[in-house]
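Colleague: I'm new to this one and would like to get my bearings. Could we go through it together, one piece at a time?

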Amino acid sequence: MTLERWFRRKKPTKGDDDSSPVGLWLKCESCNAQIYRKDLVANLYVCPECQHHYQMPVDARLELLLDEGSFEQWSGHIQATDPLEFVDQEAYADKLKAAQEKHHRKDAIVTGSGLLNGLPVALSVMDFFFLGGSMGSVVGEEIARAVERAADEDRAFIAVTASGGARMQEGALSLMQMAKTTVALERLAEKHLPFISLLTDPTTGGTTASFATLGDIIIAEPKALICFAGPRVIQQTIKQELPEGFQRSEFLLEKGMLDDVLERSKLKDKFAAYIRLLSGKVPQVTLEAEHVATL
Ligand SMILES: [Zn+2]
């Protein structure tokens with residue numbers, strides 16, 4: 001192996017999607033405990049020892065948030081055309097094709113409808129394992145279409161984000177998705193339909209700077225990295241030591257950027273309570289006083 005190839009070696013994949021190294025056990029990247037892989041999956045991809053939240057595959061996320069058998073997929077009928085014919089270390093078209101074959105979807109997003117504790121919702125879930133969940137023209141278009149359809153069908157909308165930001169290979173087309181998704185959300189607002197944004201690790205760049213932080217309620221999973229520019233870039237720019245936990249969920253909650261940080265196991269019931277509350281329906285799940293205060 002040449003030195004260059006050694007440096008370019010891929011780091012082991014986090015979580016447990018189909019690209020993870022095969023093995024029955026894994027070492028927790030947070031507490032170093034040896035975890036039985038099946039236990040991690042059964043525990044919603046949360047370390048049973050230290051509660052570290054691993055990235056969650058899209059299918060598991062849909063299973064977590066929606067009532068069994070209620071999901072109807074809307075996305076998957078459009079794909080990027082690579083109008084810039086972009087090439088860096090390899091052609092974008094090749095990279096995209098490889099990702100499509102590996103992950104069995106057209107792009108880094110799945111949208112659709114379903115029931116959440118019996119409530120009609122629509123949702124978009126970003127796939128971080130697909131080109132880093134980058135927001136290209138297809139991701140933006142799918143989210144905008146799903147939001148507009150949710151408004152037409154009187155559904156609350158949930159956006160689950162996990163993204164490295166704009167898809168650089170699509171240049172300005174990628175950046176335009178920030179405006180497109182933002183404008184689409186206006187349709188929900190006009191009909192007073194709730195929009196809940198769930199930020200998972202990592203949510204960065206143009207995703208953070210557009211629809212992800214426009215939720216009526218903005219929730220993050222524990223210790224998720226949420227930022228526009230990452231901590232390394234900021235540290236190099238301002239040449240100062242960054243505070244402990246900078247740009248992590250708990251830090252942002254303290255600074256008022258989030259409404260709450262919730263463990264994965266609590267998300268579904270809390271979302272149902274928020275949707276009932278924002279829709280003017282009587283909450284069937286009692287909201288804790290501290291959460292009502294944040295509303
Ligand atoms: Zn752990």
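Colleague: Which residues of helix 3 are buried, and what covers them?
Modeller: This is a predicted model, and in helix 3 the buried residues are Val58, Arg61 and Leu65. They cover an arc of only 60° around the axis, so they sit on the same side of helix 3. What covers them includes strand 4, strand 5, strand 6 and helix 10.

Colleague: Which elements do the buried residues of helix 10 pack against?
Modeller: Start with the residues themselves: Leu267, Phe271, Ala272, Tyr274 and Ile275 are the buried ones in helix 10. Down the helix axis they fall within an arc of 165°, so they line one face. That fits a general pattern: an α-helix has 3.6 residues a turn, so residues three or four places apart point the same way. The buried residues of helix 10 pack against helix 3, strand 4, strand 5, strand 6, strand 7 and strand 8.

Colleague: How far does helix 10 reach from its first C-alpha to its last?
Modeller: Helix 10 runs over residues 267–278, which is 12 residues. At 1.5 Å a residue you'd expect 16 Å, and the model comes close to that, with a reach of 16 Å.

Colleague: Which residues touch the most other members of the largest nonpolar core?
Modeller: That core has 59 residues, and its largest share, eight residues, comes from helix 5 (residues 137–152). There's also a second, separate core of six residues, including Ile35 and Tyr54. Back in the largest core, the ones touching the most other members are Val147, Phe157 and Ile158.

Colleague: Which residues is valine 147 in contact with, leaving aside its neighbours within four places in sequence?
Modeller: Valine 147 is one of the residues that touch the most other members of the largest core. Another of those, Phe157, is also on its contact list. The full list is Phe157, Ala184, Leu185, Arg187 and Leu188.

Colleague: Is glutamine 247 buried or exposed?
Modeller: Glutamine 247 lies in the loop between helix 8 and helix 9, and has a positive phi of about 65° although it is not a glycine. The cut-off for burial is 20 or more other C-beta atoms within 10 Å. Glutamine 247 has 21 of them, so it counts as buried.

Colleague: And lysine 223, with its positive phi of about 60°: how many other C-beta atoms lie within 10 Å?
Modeller: Lysine 223 is in the loop between strand 8 and helix 8. Its class is partly exposed, in between the 12 or fewer of an exposed residue and the 20 or more of a buried one. The count for lysine 223 is 16.

Colleague: What separation do the C-alpha atoms of aspartate 88 and glutamine 169 have?
Modeller: Aspartate 88 is in the loop between strand 3 and helix 4, and is exposed, with 9 other C-beta atoms within 10 Å. Along the chain, aspartate 88 and glutamine 169 are 81 residues apart. In space, their C-alpha atoms are separated by 8.5 Å.

Colleague: Where is the pLDDT below 50?
Modeller: The protein chain averages a pLDDT of 90, and 88% of the residues score at least 70. Where pLDDT is low, the predicted coordinates should not be read in detail. The stretch with pLDDT below 50 has 21 contacts in the model beyond near neighbours in sequence, and covers residues 1–21.

Key
Residues are numbered from 1 along each chain as its sequence is written. This is a predicted model: local features need pLDDT of at least 70, side-chain atom pairs count only at pLDDT 80 or more; totals for chains, interfaces and linings use all residues. A nonpolar core is a set of buried Ala, Val, Leu, Ile, Met, Phe, Trp, Tyr and Cys residues joined through C-beta atoms within 7 Å. Helices (H or I, at least four residues) and strands (E, at least two) are DSSP runs, numbered from the N terminus. Two residues are in contact if their C-beta atoms, placed from the backbone, lie within 7 Å. The expected span of a helix is 1.5 Å times one less than its number of residues. The arc is that of the directions from the helix axis to the C-beta atoms. pLDDT is the predictor's confidence in each residue, from 0 to 100.
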